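Student: Could you take me through the aromatic rings and the strands that carry them, in one careful account? I would like each term explained with its cut-offs when it comes up.

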Amino acid sequence: MKLINKITFIIIFLFVNINAFGEVSSFVDSKDITQRIAHGIAFNANGTKMFISGSSQNKVYEFDLTVGFDVSTATRNSNECTHSDEDEDVIGLKLSSDGTKMFLIGSDSGAEGIEEYKLDTAYDVSSCDFVTTHFEGEMNIRDIAFNNSGTKLFIYDGTGNDFIKKYSLTSPFNISNATFEQQSTGTSSKTFSQLEGNPQGLAFSSDGSKMYITGHGKDKVQEFNLSTPFDLSNIKKEGGYDVSGEADQVSGIAFSSDGLKMFVLDFKTNNKTVSEYNLSCGFGVINCIDPTANKDDVASIETQSESAKKLIQHTTYPVINRMQWLRRNNSRRNLTNQNIKFQFNNEILNSLSKTLLPVYLSNYNSSKTDNENSSWSLWSEGTISVGRIGDTSVSSSKKINTSAITIGADKRGKDNIMRGIALRFGSDDVDVGDLGSALNMSTFGLTFYETKPKGEERFTDHLLGLSFINSDLINNSGSTSTNGERSGEQMYGSFSLRDTLSKNNLNFTPKIKIDYGVTHFAEYTETGAAGLNLKFKDQYIGNFITSVGANIDKKFDLKNKTFLPYFDFNYSADMSPSTKQKFSYSSSGDKYTLDNINNATHSVHTGIGFDLNTDSGFNLMTKYTRDQTTGGSYNDNFVIAGDYRSSYNSSYTLSIHETSTEISYKSKRDNLNIDVTSNLDFFAEDPEYGIYLKVYTLK
């Protein structure tokens, strides 16, 4: 008997606690809001103003809140909008996102519609002017809602079984051009009228993944999940939150910007109250929003993993290009090429480029010396990469822009082994989805490389490196956004074997390559919207890619110059292990895991370009590449660089980086040195340009 009692106690304990943990909403307070039969409620963005409409006093009232979204601090001010000339009874209220438009739902018999008012002063209802009535007499409109941008209108139609109708607007909050798009009568099992007998209020979460309706048939807030934000084609009921203890007849509903507050009106005659509820996570009346079901959230997490893998490719490509260039031009004495004058806004980088590099890596070869093993050769490469990864059933599309500059130096040893070091400064900007989510990643990489002969035409190339990563992340739901800053470190390497077959200056070079690496991202917590902030755990991302391909180049000896066009082709198989990201809501602690994060398993890399070397000292290198992966994603890269050394004492340099062109001239006459640099940002709306002159002497 004692055992049965203990088991019964445990079952009761678990049942009580399971329901307690499942409860994410709690009543806080109620406030007398003067409006005798209150139906509509709205707030400004920071919750310091509240607006109430009703169906008995022909006015919209305005309240000031000394604490945002805290109705206990609300006091009614003198501002009000009288609407009796258009409609005596109003059952709904919505404002445009900028507070310059107000929409009231009229309920006079035969004249129901959406009445539009303009507010001459934003969020000041005393400045209201009637504009027109939309959908007059067409349906039994109970409430309306907009998406964040105001380009979608949703109407809660109380006709028959009740409908939610969706309209597209060609300009924000302009209902006059509304075009019907879709409608829903309910879930797969029940109509809206079965869920709520007398429809009243309609609202959405800021990201459009949840929809809410109210009514006084059941006096509950009904919560629904939308598989696609603001899309009515697949609605799933989450449950109903009972508010009958605070409201006898439930009407309007509203949320705070971060979704941590819910407000419900009672329209029973003379009750005149608005009830405030705390939610443990943003818009989680029944359940928290599942980030793994949000395509932008998933895409943002995927982007970090994808960018880490792409970083290895983008960091190794310039070094590999350099090693290939060295072998294409191994008969040249002067192995300096692709010179670029470096000018950084960051003073640390300026110091690095002007002091550290010259001290340790300068004294590069020139046509004046014949000793190939006595000095370093400087090189540089600027790259621009643009790309797109299409959307999937679970993830939004991504638009990728990468720009980077690589500074390197290498030296040929007596054994004909080229050894070098390269520094890369890069920036990756990824736009996620259509609401403004983004990843901005800044990186600094240090790479050591070696190209070693294994016979006359066979070479092995390998490199090892370390990158440091700092990412700024924006997760935007349209009306609210969260921000995060994440650091990371990356170790990587690459090994390749090339064997060149030559005939009549035509070189065919088959090759195999293995890329490997590991990336660590530190944990971080988002800021910006308390109810929607997520906390991310540490993440480790492995990288292992095998490639096979070939290079074809042919050297043309022309008068006083050589022209060397080439073509690259590589097929790669990504065999990296899948990674996962664990995270939780910082407000409620609800935990989630996104598993099986991985890139496309196959990709094709193609490149085409040429080297032009002249006896007069002018050298030019260009290259265009495309990486195409399964699933339709791609990256395009374009590189152009040149230098001109008219003599040992003077040189000219041209570089194109992102949208900027820079030309520099250096001249040395005895102890007198002259530097002239000009730059132009040729794609800017207001182009930036400048010229720099420096004259100095060295003793």
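Tutor: What follows goes through ring pairs, then strands, then charges over rings, and ends with two loop residues.

This is a predicted model, in which local features need pLDDT of at least 70 and side-chain atom pairs count only at pLDDT 80 or more, while totals for chains, interfaces and linings use all residues. Residues are numbered from 1 along each chain as its sequence is written, and side-chain values use heavy atoms, with hydrogens and water left out.

A pair of aromatic rings is described by the distance of the centres and the angle of the planes. Rings of Phe, Tyr and Trp (its six-membered ring) count as a pair if their centres lie within 6.5 Å, and the pair is called stacked when the planes are under 30 degrees apart, edge-to-face when they are over 60, and tilted for the rest. The structure holds 25 aromatic pairs. In one of them, the ring centres of Tyr167 and Phe180 are 5.6 Å apart and the planes stand at 75°, so this pair is edge-to-face. Tyr167 belongs to strand β12 (residues 163-168) and Phe180 to strand β13 (residues 179-184), so that the pair links distant parts of the chain, 13 residues apart. Helices (H or I, at least four residues) and strands (E, at least two) are DSSP runs, numbered from the N terminus. For accessibility, buried means under 20% relative accessible area, exposed means over 50%, and partly exposed lies in between, with a 1.4 Å probe and protein chains only. Tyr167 counts as buried because its relative accessibility is 8%, whereas Phe180, at 45%, counts as partly exposed.

Tyr524, Phe536, Phe583, Tyr585 and Tyr592 form one aromatic cluster. To place some of these residues, we can turn to an open sheet of 4 strands, with antiparallel pairing and the order β29-β30-β34-β35. Its edge strands, β29 (524-525) and β35 (591-597), each pair on one side only. Two strands pair if DSSP finds at least two bridges between them, and strand β30 (residues 534-536) pairs with strand β34 (residues 579-585) in the antiparallel sense over 3 bridges. Here Phe536 has Phe583 in β34 as its bridge partner, and both of these residues are members of the cluster.

Another set of strands can be followed in the same way. Strand β6 (residues 90-95) and β7 are antiparallel over 5 bridges, with Leu93 opposite Leu104 in β7. These two strands form a hairpin with 5 residues between them, and Gly99 in the turn has a positive phi of about 75°. β7 also pairs with strand β8 (residues 113-119), in the antiparallel sense over 6 bridges, and Lys101 has Lys118 in β8 as its bridge partner. Strand β7 (residues 101-106) is mostly covered, with 5 of its 6 residues buried.

Charges also meet rings. A charge sits over a ring if NZ of Lys or CZ of Arg is within 6 Å of the ring centre and within 35 degrees of the ring normal. The charged end of Arg76 sits over the ring of Tyr61, 3.8 Å from its centre, and Lys554 lies over the face of Phe556, at 5.4 Å from the ring centre.

Finally, consider two loop residues. Asp162, although not a glycine, has a positive phi of about 75°, and its place is in the loop between β11 (152-157) and β12. Asp162 counts as buried because its relative accessibility is 2%. Phe283, in the loop between β20 (273-279) and α3 (295-328), has a positive phi near 65°, and its 3% relative accessibility means that Phe283 counts as buried.
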